[in-house]
Amino acid sequence: YLEEADSTSADRQDRFARCAKDIEAHDYGIQALIEIGTKYAQAGPWIAGIRSAPPAEDAAIAEAIAEWADGDSVAAHYAYQNTCFCTRDFGKSAKRDSVLAPAGRAWLEKDYGLVFATPDELAKEI
C-alpha cells in the first residue's frame, strides 16, 4: 500500500500512461480489443465495433477484456510504484500472448523493475 504523499496524482497518471502505452505497443493489454472493435467499426470509433460485433465474437471479446484488465492492473501497480505484482495468473489460458505470460513478465521486469510473485511466494517474503 502506498500513501498518497509518496507521489502526486500527475506523477501516477504519467507513469500509468507510459506503462499502459508500452504494454499496448508490445501487443498486450487493450490491443486485442481494439483489433476486434476496428474489424467491426463501420466509420466510427473502435469501441462502436465491439457493440456491433456478432455473437460469434463474444468469447474473443471477453478474453480481450480480461487481457485489457491485466494490462491495466500491471500499469496501475507501476503507477503507484508498487514493485511486486502478486498473482497466480501466468497467462496460460489466453488464446494469444498475455502480458502475464513469461515473455510479458520478462520485459516488464527488465524495463520497469516489476517483480512477479504468487501469493505463496509473497507470503514467504513477508
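At what angle do the axes of helix H2 and H4 cross, and within what distance do they come? Keep that question in mind while setting up the view, and remember throughout that this is a predicted model.

**The whole chain**

Begin with a cartoon of the entire protein, in which you should find six helices and two strands, following one another from the N terminus in the order α-α-α-α-β-α-β-α. Taken along the principal axes, the C-alpha atoms fill a box of roughly 50 × 35 × 20 Å. If you colour by relative accessibility, buried residues make up 36% of the 126 residues. Among the contacts with a separation of 6 or more, 65% are accounted for by residues 24 or more positions apart.

**H2 against H4**

Now select residues 31-40, which form helix H2, together with residues 58-79, which form helix H4. Their axes come within 7 Å and cross at roughly 145°, which is the answer to the opening question. Show the side chains on both sides: Ala-32, Leu-33 and Ile-36 of H2 meet Ala-60, Ile-61, Ala-64, Ile-65 and Trp-68 of H4. Sorted by class, this contact consists of eight nonpolar residues, with no polar and no charged ones. An α-helix has 3.6 residues a turn, so residues three or four places apart point the same way.

**Glu-57 and its partner**

Move next to the loop between helix H3 (46-52) and H4, and select Glu-57 there. Is this residue buried or exposed? Glu-57 counts as buried, because its relative accessibility is 13%, below the 20% cut-off. Once its neighbours within four places in sequence are set aside, Glu-57 is in contact with Lys-39 and Tyr-40. With Tyr-40 the link is a polar contact between the two side chains, at 2.7 Å.

**Helix H5 and the largest core**

Select residues 102-112, helix H5, and pick out its buried residues, which are Gly-104, Arg-105, Trp-107, Leu-108 and Tyr-112. The elements that cover these residues include helix H1 (9-25), helix H4 and strand S2 (115-117). Ala-106 also lies in H5, but this residue is partly exposed, with a relative accessible area of 42%. A distance label from Ala-106 to Phe-116 should read 9.6 Å, C-alpha to C-alpha, for two residues that are ten apart in sequence. Just after the helix, Gly-113 takes a positive phi of about 70°.

Which residues touch the most other members of the largest nonpolar core? In this core of 14 residues they are Cys-19, Ile-23, Val-74, Leu-108 and Tyr-112. H1, H4 and H5 each supply at least two residues of this core. Centre the view on Leu-108 and, leaving aside its neighbours within four places in sequence, display its contacts: Cys-19, Ile-23, Val-74, Val-99, Gly-113, Leu-114 and Phe-116. A second, separate core contains ten residues, among them Ala-32, Ile-36, Tyr-40 and Ala-53. Two of these names, Ala-32 and Ile-36, were already on screen where H2 meets H4, and Tyr-40 is the partner of Glu-57 in the polar contact.

**The two cysteines of strand S1**

Turn to strand S1 (84-86) and show Cys-84 and Cys-86. Why is there no bond from the sulfur of Cys-84 to the closest cysteine sulfur? That sulfur, in Cys-86, is 6.0 Å away and therefore too far for a bond, since a disulfide needs the two sulfur atoms within 2.5 Å. The count of disulfides accordingly comes to zero. Both side chains can be checked for accessibility as well: Cys-84 counts as partly exposed at 24%, and Cys-86 is partly exposed at 35%.

**Two backbone angles to check**

Most residues other than glycine have a negative phi, and most peptide bonds are trans. For the last stop, select Asp-27 in the loop between H1 and H2, where phi is positive, about 70°, although the residue is not a glycine. Asp-27 counts as partly exposed, at 36% relative accessibility. Then go to Gln-81, which is placed in the loop between H4 and strand S1; its phi is near 65°, again a positive value in a residue other than glycine. Gln-81 is partly exposed too, with a relative accessible area of 37%.

Note on methods. Residues numbered from 1 in each chain as written. Predicted model: local features only at pLDDT ≥ 70, side-chain atom pairs only at ≥ 80, totals over all residues. Heavy atoms only, no water. Buried < 20%, exposed > 50% of the residue type's maximum accessible area, 1.4 Å probe, protein only. Helix = DSSP H or I, 4+ residues; strand = E, 2+ residues; numbered from the N terminus. Contact = heavy atoms within 4.5 Å. Axes fitted to C-alpha atoms, helices over the stretch in contact; angles between N-to-C directions. Nonpolar A, V, L, I, M, F, W, Y, C, P; charged D, E, K, R; others polar. Core = buried A, V, L, I, M, F, W, Y, C linked by side-chain atoms within 4.5 Å. Polar contact = N/O pair within 3.5 Å; in protein donor to acceptor, adjacent residues only side chain to side chain.
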